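Let's take a walk through this structure together, one contact at a time. Have the 3D view open and turn it as you read.

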Amino acid sequence: MADSSTTCATPRTDVAFQRCISPSCAATYGVDEVLVACTACGGLVDVVYDWDRLGPPDSWKFFENKWSARRDRLAFSGVWRFYELMQFAPRDNVVTIGEGQTLLQRSAGVAEFVGLKPDGLFLQYEGMNPSGSFKDNGMSAAFTHASLVGARQAACASTGNTSASLAAYCSSLGAMKAVIFIGSGKISYGKLSQALDYGALTVQIAGDFDDAMARVKEVSAEMGIYLVNSVNPFRLEGQKSIMFRVLEGLGWEVPDWIVVPGGNLGNSSAFGKAFAELREIGLIDRVPRLAVINATGANTLYQLYEKRGVRWNDGATAPDVIEQYYVEMDSEARRASTIASAIEINRPVNLSKCLRALDTCDGVVRQVSDQEILDAKARVGAGGLGCEPASAASVAGAKLLRDEGVIAPSDRVVCILTGHQLKDPTATMAYHTTDQDQFNEVLGKRGVRRATFANRAVTVANDVDEIVKTIQLYG
Ligand SMILES: *Cc1c(COP(=O)(O)O)cnc(C)c1O
Ligand SMILES: [Zn+2]
C-alpha cells in the first residue's frame with residue numbers, strides 16, 4: 001500500500017494490495033505488480049483489501065438495487081455487479097464481456113437422485129457464461145488486471161476451458177493476443193474448437209496438463225507474457241462472484257453445503273475466500289460447509305486431505321508430506337486419468353489456498369469414479385440443464401456424502417455445474433450410444449461398465465405407421 005495516488009488508469013493501490021498467504025511470511029506487494037508466486041517464499045499470493053477504508057456496503061440491498069441499472073455495464077456483469085467486494089481496479093478499467101449471467105436452479109429430479117428433499121438441491125449452472133464455463137468469471141478479473149499493467153499478450157495452460165475463456169476475451173477485446181498451451185490428446189473437441197475458432201495461437205505440447213503448466217510458467221516469465229492460470233490471484237477475485245450469485249439466488253441465505261469439483265482448486269479456494277471476507281465485513285454470520293470432489297483417477301487433494309491428514313494449519317501445511325506424495329507419484333509413474341478432463345490434474349496449483357478454504361468452511365474432500373460421474377451427469381441432463389463430465393462430479397459427490405450421512409436429508413445443498421453440456425459431446429454420445437465399440441473406446445477403457453441412465457436413440461423404418469407405433473410404444 002505504498003502508493004495512494006488514484007488517477008483513473010492506476011490500480012487501486014490505496015485500498016487493495018497483494019499478500020503472501022503464508023502467515024509466517026505475509027510479504028505484501030502492490031496490485032500494480034504481476035506475480036504468480038510470493039517472491040520471498042514461493043507461496044501463493046492473495047488480493048486483499050483494506051475494508052475499513054473501503055467501507056463496503058453493509059446490506060445486500062445495495063447489490064439488489066443494481067438490477068435496476070442494467071444498462072450500466074458494471075451492473076450488468078454478474079461479476080462486476082459485486083465491484084465493491086473486489087475493488088482492485090478503477091471502474092473505468094474494468095473488462096467485461098457480460099459474464100456471470102448464470103442461474104441457480106432448484107432441481108427436484110437431481111435432489112431425488114442425491115437423496116435430498118425436492119427443495120433441498122440447487123444447481124448453479126456456470127455453463128451459461130460467454131465461453132461456456134465458470135472460467136469467464138475469473139478471466140474478466142484477470143483481464144482487468146492485465147489491462148491495468150499494460151499487458152499485450154496473455155497465456156495459459158489448459159485442459160480446455162481456461163483456453164476457451166482466454167481466447168474469447170482476447171478476441172472480443174482485440175487488444176491482446178492469446179497463447180494457449182495444451183497437453184496432447186487430453187482436450188475435448190468442444191473446448192479445443194473454441195480456442196481455434198476464436199483465433200488463439202494454440203501450442204500443443206508433447207506432454208500432459210502438468211507439463212503444459214510448467215512450460216507456460218517458464219515461457220511467460222521469459223517473454224513477459226501475462227499468465228492467466230489460476231495461480232494468478234486476480235482470477236480468483238472474479239470467481240468469488242459465483243458464491244455471491246448463489247447467495248443472491250437463495251435470497252441471501254447461506255446454504256448448508258457448497259459442493260464443487262476440484263481440479264487445480266482455484267474455484268474452491270475462491271469460494272472459501274469469498275465466505276471469509278463476507279463474514280469479516282458482516283454480510284453473513286455463518287459460512288456453509290464446503291465439499292471438494294476429486295475424480296478417483298485424479299485424487300491428489302483427496303489423498304493428501306483425507307488419507308494423509310494434511311491441513312491448512314495456519315499456513316504450516318506439512319510441505320514434506322506433500323512433497324513425499326509427489327515423489328511416490330512420480331516413482332510409481334502414476335498420472336491423472338479420468339473422463340472428467342477438466343479435473344484431470346496431478347499437482348493442483350492452488351493446493352495451499354484450497355486447504356485454507358477447507359479450514360474456513362469445515363470442509364470435506366471425496367473422490368468419485370468415472371462411472372459415478374457419468375451416471376450423475378445423465379441425471380443432471382435429464383433434469384434439464386446438462387453439464388460436462390467434470391461438473392457432474394459435484395452431484396456424484398453430493399450423493400456419496402448423502403449416502404455416508406455426512407450431508408443430512410434436510411440439508412440445503414448447492415452443486416456447482418462448472419461447464420456447459422456441449423463442451424464434451426464425445427463423452428455424452430458414448431454414454432447414450434447403442435454402439436458397444438464406441439462405448440468401449442471412450443468409456444469402457446476407463447472402467448465404466450454400464451450406462452445406467454442411457455437414453456438410446458430408437459431406430460425406426462422410414463414409414464409413418466412404424467413411427468406412430470414406435471412413439472406409442474416408448475412415448
Ligand atoms: C477448470 C474446471 C474445473 C476445475 O476447477 P479448479 O478451479 O481448477 O479446481 C472443473 N470443471 C470445469 C468444467 C472446469 O473448466
Ligand atoms: Zn511468502
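## Contacts that hold our attention

At 27% relative accessibility, arginine 412 counts as partly exposed. Please keep in mind that you are looking at a predicted model. Arginine 412 makes a salt bridge with glutamate 253, and their closest N and O atoms are 3.1 Å apart. The arginine lies in the loop between α15 (389-403) and β13 (413-417), and the glutamate in the loop between α9 (233-249) and β10 (257-261), so this pair ties together parts that are 159 residues apart in sequence. Glutamate 253 is partly exposed too, with a relative accessible area of 47%.

That bridge is one of 27 salt bridges in the structure. Another one pairs lysine 353 with aspartate 46, with 3.7 Å between the closest N and O atoms. Here again distant parts of the chain are linked: lysine 353 belongs to helix α13 (residues 351-360) and aspartate 46 to strand β3 (residues 45-49), 307 residues apart. Are these two partners buried or exposed? Lysine 353 has a relative accessible area of 2% and is therefore buried; aspartate 46, at 7%, is buried as well.

For a bridge within one helix, turn to glutamate 64 and lysine 61, whose closest N and O atoms are 2.8 Å apart. Because they are three residues apart in helix α2 (residues 61-64), about one helical turn separates them. Glutamate 64 counts as partly exposed, at 29% relative accessibility. Salt bridges can also share partners, and in this way Asp208, Asp330, Arg335 and Arg347 are joined into one network.

Arg347 has a second contact to show you. The charged end of arginine 347 sits over the ring of tyrosine 326, 4.4 Å from the ring's centre. In a further contact of a charged residue with a ring, arginine 356 lies over the face of tryptophan 312, at 6.0 Å from the ring centre.

Now let's look at rings that meet rings. The structure holds twelve aromatic pairs. In one of them, phenylalanine 62 and phenylalanine 63 meet edge-to-face, with 5.2 Å from centre to centre and 85° between the planes. Phenylalanine 62 is partly exposed, with a relative accessible area of 35%, whereas phenylalanine 63 is buried at 0% relative accessibility. Phenylalanine 63 also pairs with phenylalanine 82: the ring centres are 5.1 Å apart and the planes are at 35°, so this pair is tilted. Phenylalanine 63 is in helix α2 and phenylalanine 82 in the loop between α3 (73-76) and β4 (103-106), 19 residues apart. Phenylalanine 82 is buried, at 0% relative accessibility. Ring pairs link Trp60, Phe62, Phe63, Phe82, Phe244 and Trp252 into a cluster.

Our last stop is a metal site. Which residues coordinate the zinc ion (ligand 2)? The SG atoms of Cys20, Cys25, Cys38 and Cys41 do, at 2.3 Å. Along the chain these donors follow the spacing C-x4-C-x12-C-x2-C. Cysteine 20 is in strand β1 (residues 16-20) and cysteine 41 in the loop between β2 (28-30) and β3, 21 residues apart. Cysteine 20 is buried, with a relative accessible area of 3%, while cysteine 41 is partly exposed at 43%. The angles among the four donor atoms run from 97 to 115°, and the site is tetrahedral. For four tetrahedral donors, the ideal angle at a metal is 109.5 degrees.

Methods:
Residues numbered from 1 in each chain as written. Chains lettered and ligands numbered in written order. Predicted model: local features only at pLDDT ≥ 70, side-chain atom pairs only at ≥ 80, totals over all residues. Heavy atoms only, no water. Salt bridge = Lys/Arg side-chain N within 4 Å of Asp/Glu carboxyl O. Helix = DSSP H or I, 4+ residues; strand = E, 2+ residues; numbered from the N terminus. Buried < 20%, exposed > 50% of the residue type's maximum accessible area, 1.4 Å probe, protein only. Donors = N, O, S within 2.8 Å, 3.2 Å for Na, K, Ca; no water. Tetrahedral: all angles 85-135°; square planar, octahedral: opposite > 155°, others 65-115°. Phe/Tyr/Trp six-rings, centres within 6.5 Å; stacked < 30°, edge-to-face > 60°. Lys NZ or Arg CZ within 6 Å of the ring centre and 35° of its normal.
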